[in-house]
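Here's a quick briefing to read alongside the model. Have a look at the fold first, then go through the notes below.

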Amino acid sequence: EPPPNAAATKPATKPKRRLAKEKACKREAEAEAEAEVAREVAREAYLQRSDLTPRSQARLEAAFGAAPRRAPLRPGAPRIAFSGVPPCSLPVLEQVAATLGARVVDDTGSFTHLVLGSKRAPGAAPGAAPGAARQYKRTLKVLHAVVRGCWLLPPEWLLASLDRGVL
């Protein structure tokens, strides 16, 4: 037999649960809206780059249309991870990789290609070739990639692949 005050407490918990669920849904919607704004800002920043060829520019615009266009994953498709890439560039590079038919992964044990973000080395010429005189962080992902014999690539590789239309 339930205690005499059990009936009085049960209805009070349902509104609390409902409120908590509504708050969680609201937070999730706000987070998704913020992520969408961040993706749009990153997209615009990449589209304004001066080193993109007209073909790359057109492919990026097509890739970031209303519905993301993804190439089907084929057997043996490259699995790409990112290390040290600035957060503002990451959504665009992930979308480019997905558009070209690669799978974007986060874990250290399954990638075949690692795209490295970098910063210019002190004293490097501003107009130097991509990859020349750059410093790369030796993160755990980078060390795993070296041990496993994965490709270590700059972000420009993805953009050049987009220009060619194939990884």
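Accessible areas here come from the Shrake-Rupley method with a 1.4 Å probe, and for residues only the protein chains shown count as cover. On that footing, the accessible surface of the protein comes to about 11,000 Å², with 59% of it belonging to carbon and sulfur atoms. This is a predicted model, so local features need pLDDT of at least 70 and side-chain atom pairs count only at pLDDT 80 or more, while totals for chains, interfaces and linings use all residues. Residues are numbered from 1 along each chain as its sequence is written, and side-chain values use heavy atoms, leaving out hydrogens and water.

**Overall layout**
- The protein has five helices and six strands; these are DSSP runs numbered from the N terminus, with helices being H or I of at least four residues and strands E of at least two.
- Reading from the N terminus, the order is α-α-β-α-β-β-β-β-α-β-α.
- Of the 167 residues, 28% count as buried (under 20% relative accessible area; exposed is over 50%, partly exposed in between; 1.4 Å probe, protein chains only).
- Take the contacts (heavy atoms within 4.5 Å) between residues at least 6 apart in sequence: 74% of them join residues at least 24 apart.

**The sheet**
- Four strands make an open sheet, ordered S2-S1-S3-S6, with parallel pairing (two strands pair if DSSP finds at least two bridges between them).
- S2 (103–104) and S6 (151–153) are the edge strands, each pairing on one side only.
- S1 and S2 pair over two bridges, and Ile-80 stands opposite Val-104 in S2.
- H3 packs on the sheet, touching S1 and S2, and its direction makes about 170° with that of S1 (axes are lines fitted to C-alpha atoms, for helices over the stretch in contact, and angles run from 0 to 180 degrees between N-to-C directions).
- H5 also packs on the sheet, touching S1, S3 (113–116) and S6, at about 110° to the direction of S3.

**Cores**
- The largest nonpolar core (buried Ala, Val, Leu, Ile, Met, Phe, Trp, Tyr and Cys residues joined through side-chain atoms within 4.5 Å) has 16 residues, including Ile-80, Phe-82 and Trp-157.
- H3 (90–99) is one of the elements that each supply at least two residues to this core, and its four residues are the largest share.
- A second, separate core of eight residues includes Ala-81 and Cys-150.

**Cysteines**
- A search of the whole structure finds zero disulfides (cysteine sulfur atoms within 2.5 Å).
- Cys-88 is exposed at 52% relative accessible area, whereas Cys-150 is buried at 14%.
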